[in-house]
Amino acid sequence: MPRDEISLQLYTVRSPLEEDLEGTLARVAELGYRTVEPYGFVNRAERMAEALTEYGLSAPTAHAALLRDDRADIYAAARRLGVTTVIVPMVNAEHWQTADDIKGIAQDLNRVAAEAADHGFTVGYHNHHFELELKVDGGHALEVLADHLADEVILEVDTYWAAVGGADVPVLLTRLGDRVTALHMKDGDRSMNNKAQVAVGDGVIPVEDILAAAPTALRVVELDDFEGDIFDPVAKSFRFLSGKDAPA
């Protein structure tokens with residue numbers, strides 16, 4: 001896979017990023033990444049944009065709380081970074097309890113997506129475990145959401161948290177189809193213990209089957225936490241997804 005199809009969610013390296021934004025992005029580029037996914041970028045868009053340019057990085061996707069934050073500021077900052085898809089990172093679990101709840105979330109996303117399109121952006125949604133754990137009318141809540149989304153709203157499926165929530169992730173991805181344009185790729189023991197997460201390919205998640213089920217989706221490496229030097233699994237994940245560490 002071309003290396004520009006493998007991205008890194010910058011939340012993974014949030015501690016070094018806060019200490020040294022430029023140095024951290026330089027390190028990410030040194031490891032082979034050419035694409036990153038920013039978060040919390042509104043107040044540092046100018047500085048981040050300059051660093052992305054300096055180190056040959058692009059940011060086609062980014063996370064931002066479009067459903068509650070000042071969207072004008074988000075659009076301006078995203079445009080400065082070259083972002084084309086803005087992804088809502090979560091809607092809290094208490095809002096997913098009924099079919100009407102989920103329909104309301106879809107309506108909010110559809111409304112914002114129509115507005116964002118006028119500014120040149122696509123809108124997406126990113127899941128955690130509860131959107132799969134919660135069932136409505138026998139189906140995963142995330143699938144119920146998808147049924148009510150406008151065609152232009154995309155999904156970024158966090159494959160690890162989908163598995164934690166009880167989904168057969170390759171089957172889920174097949175059912176969701178082309179709406180899934182990005183995947184959060186992470187691995188671990190399928191527990192809620194963030195520090196048990198490991199490099200992609202080192203845990204129990206069926207990574208190869210997941211990749212086969214969504215072959216055109218952007219692969220976005222993410223670890224929520226890690227015991228040790230975070231750049232070790234970041235580097236190993238890139239090597240695995242780029243084929244250098246893949247099984248023969």
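Start at the largest pocket and select helix α5: the largest share of the lining, three residues, comes from α5. Keep in mind that this is a predicted model.

**Stop 1: the largest pocket**

Stay on the pocket and display its volume, about 660 Å³. The elements giving two or more residues to the lining are α4 and α5. Now select the whole lining, which comes to 31 residues. Centre the view on Ala 64, Ala 65, Arg 68, Pro 89 and Met 90, the lining residues that lie nearest the pocket centre. Colour the lining by class. You will get 14 nonpolar, seven polar and 10 charged residues.

**Stop 2: strand β4 and its neighbours**

Select residues 85–88, which form strand β4. Show the side chains. Thr 85 and Ile 87 point one way. Val 86 and Val 88 point the other way. Are these four residues buried or exposed? All of them are buried. In a regular strand the side chains alternate between the two faces of the sheet.

Add strand β3, residues 61–63. β3 and β4 run parallel and are joined by three bridges. To find the register, pick Ala 62, which stands opposite Val 86 in β4.

Next add strand β5, residues 122–126. What is the sense of the pairing between β4 and β5? They pair in the parallel sense, over four bridges. Val 86 is again the residue to pick: Val 123 in β5 stands opposite Val 86. So the view now has Val 86 facing Ala 62 of β3 and Val 123 of β5. 

**Stop 3: the two crossovers**

Turn on the helices between these strands. Select helix α4, residues 71–81. Together with β3 and β4, helix α4 makes a right-handed β-α-β unit. Then select helix α5, residues 99–118. β4, α5 and β5 also form a β-α-β unit, and this one is right-handed. Both helices were met at the pocket, where α4 and α5 each give two or more residues to the lining.

While on α4, pick Asp 73, which lies in this helix. Asp 73 counts as partly exposed because its relative accessibility is 42%. Draw a distance from its C-alpha to that of Trp 96. Asp 73 and Trp 96 are 28 Å apart in space, with their positions 23 residues apart in sequence.

**Stop 4: strand β8**

Return to β5 and add strand β8, residues 154–158. β5 and β8 pair in the parallel sense over three bridges. Pick His 126 to see the register: Glu 156 in β8 stands opposite His 126.

How many of the five residues of β8 are buried? Five of the five are, so β8 is largely enclosed by the rest of the structure. Show the side chains here too. Ile 154, Glu 156 and Asp 158 point one way. Leu 155 and Val 157 point the other way. The acidic side chains deserve a click, since Glu 156 and Asp 158 are buried along with the others.

Now add β9, residues 180–185. β8 and β9 run parallel, joined by four bridges. Pick Val 157, whose bridge partner in β9 is Leu 183.

**Stop 5: a loop residue after β9**

Follow the chain out of β9 into the loop that leads to α10, residues 207–213. Select Arg 190 in this loop. Check its backbone: phi is near 65°, a positive value in a residue other than glycine. Arg 190 has a relative accessible area of 40% and is therefore partly exposed.

**Stop 6: Asp 137, His 140 and helix α7**

Jump to the loop between β6 (135–136) and β7, and select Asp 137. Phi of Asp 137 is near 55°, also positive in a residue other than glycine. Is Asp 137 buried or exposed? Its relative accessibility is 79%, so Asp 137 counts as exposed.

Step along to His 140 in strand β7, residues 139–140. His 140 counts as buried because its relative accessibility is 9%; the cut-off for buried is under 20%. Show what surrounds it. Leaving out residues up to four places away in sequence, His 140 touches Glu 131, Leu 132, Leu 134, Lys 135, Gly 166, Ala 167, Leu 172 and Arg 175.

Finish on helix α7, residues 141–148. Six of its eight residues are buried, so α7 is largely enclosed by the rest of the structure. Select the buried set: Ala 141, Leu 142, Glu 143, Val 144, Leu 145 and Ala 146.

Note on methods. Residues are numbered from 1 along each chain as its sequence is written. This is a predicted model: local features need pLDDT of at least 70, side-chain atom pairs count only at pLDDT 80 or more; totals for chains, interfaces and linings use all residues. Side-chain values use heavy atoms; hydrogens and water are left out. Buried means under 20% relative accessible area, exposed over 50%, partly exposed in between (1.4 Å probe, protein chains only). Contact means heavy atoms within 4.5 Å. Two strands pair if DSSP finds at least two bridges between them. A crossover is right-handed if, with the strands pointing away from the viewer, the path from the first strand over the helix to the second runs clockwise. On a 1 Å grid over the protein atoms alone, a cavity is a set of points where a 1.4 Å probe fits but cannot get out, and a pocket is an open set with protein on both sides within 12 Å along at least five of seven lines; lining residues have an atom within 4 Å of a point. Grid points are joined across faces, edges and corners, and a volume is the space filled by probe spheres set on the points. Ala, Val, Leu, Ile, Met, Phe, Trp, Tyr, Cys and Pro count as nonpolar, Asp, Glu, Lys and Arg as charged, and the others, Gly among them, as polar.
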